[in-house]
Structures are given as structure tokens and as C-alpha cells.
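Here is a quick tour of one model, going from charged pairs to the nonpolar interior. Have the structure open while you read.

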Amino acid sequence: MELKDLVPAEGSKKARKRVGRGPASGTGKTAGRGYNGQKSRAGGGKGTGFEGGQTPLARRLPKLPGFRNINRVEYVPVNVSRLDAYFEAGETVDGDSLKAKGIIKHSDALVKVLGDGEITKSLTVKVDKVSASAKAKIEAAGGKVEEPC
């Protein structure tokens, strides 16, 4: 077998239908579109996504994904292990001291202390929120958690 012997299977190749090429072609004059109506005209027919007049799915769904709660309050998480690493015993942990140590970017950010890791130093924690496990660990180390949390 040589390259010149390769031919497509019988009936697999079919010429495209050339419409509107005279009366003898069988698809002349109206080019298989019929006489009147929307689909007989150039650009006629329903558009993509047309659903018979009901509001299309693309317009029923929201433009952007997800849901943004405008009342959501974001807290910057800080673990007790970081407090143990950055603070000395007896120090006060608040927004300003966390900013000074480089733990958070802005001193007015809302901070929540979480209970991941261990704490061995007694600290006074004055942040916006403290998890129950973090509070237990801080108090077990001899520290205290003060309101507003």
C-alpha cells in the first residue's frame, strides 16, 4: 500500500448544497426557504436564547455569581500562638499593639482571637472578639480577656 492508494470510504465525502443557483439546481429562486414568513427573510428567525416570549434564562439569572451580604462584618483572625510569639508576659493586646508588632495592617481593623496553638504567657486581651477556646487558653495561662468582646 502506498500513499497514493489512500482514498476516503465510499459515500463518506459529500459536496455541500449550493442554494440559490438557478432553477435547474433544484434549490434555486427561494433557496429552500419557502415563500413568506420570518424564516424566509435575511436575518429572520428567532435569536439564540429566545424562549417563546417568556423572559429568557440569561435575563432571569443574576448578572454576577454569588451573594454579597452588605451587613457582613469581617474580622481579622489572630491565633493565640501568634500572641505567645510576639508579646511578652503582662503586656496588653489591642489594635494598636497588634499594628505595632506587624500582626495586622490597620489598628482600627476588627480583630478576633482564635484558639489555634498554645499560649504560655499571661496577657490582657482587649480586642473585638475572642473565641471560647482562645478565652479558655488565655485564662488558663493566667491572662484575662476584657470587654468589648
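Let's start with Lys 137, which is partly exposed at a relative accessible area of 24%. Keep in mind that this is a predicted model. The side chain of Lys 137 meets that of Glu 118 in a salt bridge, with 3.9 Å from N to O. The two partners come from distant parts of the chain: Lys 137 is in helix α4 (residues 132-140), while Glu 118 is in the loop between β3 (111-114) and β4 (124-125), 19 residues apart. Glu 118 has 57% relative accessibility and counts as exposed, because the cut-off for that label is over 50%.

That pair belongs to a wider set, as the structure holds seven salt bridges. Three of them, including the one just described, are listed here.

| Salt bridge | N to O distance |
|---|---|
| Arg 72 and Glu 74 | 2.7 Å |
| Lys 126 and Glu 146 | 3.5 Å |
| Lys 137 and Glu 118 | 3.9 Å |

What does the pair of Lys 126 and Glu 146 tie together? Lys 126 sits in the loop between β4 and β5 (129-130), and Glu 146 in the segment after β6 (144-145), so this bridge connects parts that are 20 residues apart in sequence. Lys 126 is partly exposed at 37% relative accessibility, and Glu 146 is also labelled partly exposed, at 26%. There's a bit more going on around this pair: through salt bridges that share partners, Lys 126, Lys 144 and Glu 146 form one network.

Now for Arg 72 and Glu 74, whose side chains meet at 2.7 Å, N to O. Are these two buried or exposed? Arg 72 is exposed, with a relative accessible area of 58%, and Glu 74 counts as exposed too, at 53%.

On to the record. UniProt, in an unreviewed entry, places the feature "domain: Large ribosomal subunit protein uL15/eL18" at residues 77-146. In the model, that span is 31% helix and 21% strand, and its end C-alpha atoms lie 18 Å apart. Glu 146, the salt-bridge partner of Lys 126, is the last residue of the annotated range.

Next, the nonpolar interior. The largest nonpolar core has 18 residues, and Leu 83, Val 93, Leu 98, Val 113 and Val 127 are those with the most contacts inside it. Elements giving two or more residues to this core are α2 (80-86), β3 and α4. Helix α4 therefore turns up twice, as it also carries Lys 137 of the bridge to Glu 118. If you want one residue to centre your view on, try Leu 83: leaving aside residues up to four places away in sequence, Leu 83 touches Val 78, Val 93, Leu 98, Val 113, Ile 119 and Leu 123.

Finally, the segment before α1 (57-60), where Met 1 lies. Met 1 is exposed, with a relative accessible area of 85%. Together with Leu 3 and Leu 6, Met 1 makes a nonpolar surface patch of about 450 Å².

Thr 27 is found in the segment before α1 as well. Is Thr 27 buried or exposed? At 15% relative accessibility Thr 27 counts as buried, because that label applies under 20%. Its contacts, again not counting residues up to four places away in sequence, are Lys 17, Arg 18, Val 19, Gly 20 and Arg 21.

Technical notes: Residues numbered from 1 in each chain as written. Predicted model: local features only at pLDDT ≥ 70, side-chain atom pairs only at ≥ 80, totals over all residues. Heavy atoms only, no water. Patch = residues over 30% accessible without salt bridge, like charges linked within 9 Å, V, L, I, M, F, W, Y side chains within 5 Å. Areas by Shrake-Rupley, 256 points an atom, 1.4 Å probe, with all protein chains shown as cover. Salt bridge = Lys/Arg side-chain N within 4 Å of Asp/Glu carboxyl O. Helix = DSSP H or I, 4+ residues; strand = E, 2+ residues; numbered from the N terminus. Buried < 20%, exposed > 50% of the residue type's maximum accessible area, 1.4 Å probe, protein only. UniProt positions renumbered as here; feature names shortened; annotations may be inferred. Contact = heavy atoms within 4.5 Å. Core = buried A, V, L, I, M, F, W, Y, C linked by side-chain atoms within 4.5 Å.
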